[in-house]
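Please open the model in a viewer and set the display to cartoon. The tour proceeds by selection, one stop after another.

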Amino acid sequence: MAKNIILYLILICFGMQGYAKGKSEFMESKHIPLVYDKENTAECYPQIKMKSFEELPSIPELPDPFAWADGSGRSTDFKDWERHRSEIMQMLYHYEIGEKPVVKKEQMKAGIMGDTLYVDITVGGETLRLTAGITYPEGEGPFPAIIGIGFGTGSLPKDIFDKRGVAQIAFSFQQVMSHTQKRGQEPINRLYPDQTEMGAYCAWPWGISRIIDALEIVGKASRIDMKHIAVTGCSFAGKMALFAGALDERIALTIAQEPGGGGVNSWRVSETLGNVETLGRTNYAWFKESMRRFSNCVDRLPIDHHELAALIAPRALLVLGNTDYEWLAERSNYESSKAAREVWSAFGIADRMGYSIVGGHPHCQLPLSQYPEVEAFVDKFLWGKKDIDTNVTKVNIK
């Protein structure tokens, strides 16, 4: 398997059939969006046919994110990326996390009390209220903002954002689903009692999207610049941030800090390593129970998490790793990040995706050596400073 993975990476880096043509054509494009004003621009594509577990073929190599699900070929043209996103998301929903519920604006009411944002979501006669505290910089705004899991900046140093005048929004994930859910008994299940199979990485991003909905509904009163919203978290919350950024295109910047297995890491690569979070060892409260079927045959899973990361393209993604913890499987993070970045490269925007994987620091405590990467991505993608260098591919793995 490891040999096949290396072969795939060589092919994707040095040019599979049609790759160079697709890249050169897209380099001529005048504009590639940095963010969208819609949660999911790919929602109108038709449902693809899902194979049963018994029908799934073995795919030892990392699946090609540019290949069509029906086997009809591949395309690296940016105009086809929206359809690729639809197909990848559909497979992610079907095989891993469950389908993220769609909510219409007329099903919500939102407002701000003091510096607390709230949104009431009503489905089937049941109402769930989510709240999020906002810490504002001095001034009138509108301000770029970061949604942090648990705290306003997640586990990233607050001073990085204070110095830059970035508003900080704290997302309390327990309002949607607990860390280790009891299926069918979580707050979100009041609205969707039939979706008891959904994993937390379906539910939590749903909640983050509702916070963004609330900001849209409140409008100018939120004092938030809706074109410059980031999301971040560390460890299990790093996975949460990654899924949130992948599934909501209104998020301009995703910073996934030390997400480990189930995050950017490839299930396939992790399977070849030591005592790490593999598909068979992950917390199944976070995923569909049925994903456990792949624990001894990850090569039959039709997608992998380089494609989860790639769902964020063409928006910005920074992946932070920590080589001091075997469980985090940073070799897998590196291989998957490198493969994912080729999607951005194909569109001529590799500077929008970076990874920094270094050790010498405790878990979820950003070392000074990684400050420049975070600061560069914040300056460029929350403040629009175009002359900032965000071509970050820092790796310290033996």
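Begin in this predicted model with helix α6, which lies across β4 (143-149), β5 (167-171), β6 (224-234), β7 (253-257) and β8. Its direction runs at about 145° to that of β6.

Next, select α6 itself, residues 236-247. Its 12 residues should span 16 Å at 1.5 Å a residue, and the end C-alpha atoms, 17 Å apart, agree with this. Colour the helix by accessibility: 12 of the 12 residues are buried, so α6 is largely enclosed by the rest of the structure. Among the buried residues are Phe 236, Lys 239, Met 240 and Phe 243.

Now add helix α3, residues 81-97. The axes of α3 and α6 come within 11 Å and cross at roughly 140°; the two helices are therefore oblique to each other. Show side chains at the contact: Arg 85, Met 89, Leu 92, Tyr 93 and Ile 97 of α3 meet Phe 243, Ala 246 and Leu 247 of α6. Seven of these contact residues are nonpolar, one is charged and none is polar.

Turn then to the sheet. Its 10 strands follow the order β1-β2-β3-β5-β4-β6-β7-β8-β9-β10, in an open arrangement with mixed pairing. The edges are β1 (108-113) and β10 (393-395), each paired on one side only. Neighbouring strands are turned by 20° against each other on average, direction ignored.

Finally, zoom in on β8 (residues 316-321) and β9 (residues 353-357), which run parallel and are joined by five bridges. Here Val 319 stands opposite Tyr 355 of β9. Helix α10 (residues 371-381) packs on the sheet, touching β6, β7, β8, β9 and β10, and its direction makes about 170° with that of β8.

Terms used. Residues numbered from 1 in each chain as written. Predicted model: local features only at pLDDT ≥ 70, side-chain atom pairs only at ≥ 80, totals over all residues. Heavy atoms only, no water. Axes fitted to C-alpha atoms, helices over the stretch in contact; angles between N-to-C directions. Helix = DSSP H or I, 4+ residues; strand = E, 2+ residues; numbered from the N terminus. Parallel < 35°, antiparallel > 145°, perpendicular 65-115°, else oblique. Contact = heavy atoms within 4.5 Å. Nonpolar A, V, L, I, M, F, W, Y, C, P; charged D, E, K, R; others polar. Expected span 1.5 Å × (residues − 1). Buried < 20%, exposed > 50% of the residue type's maximum accessible area, 1.4 Å probe, protein only. Pairing = 2+ DSSP bridges.
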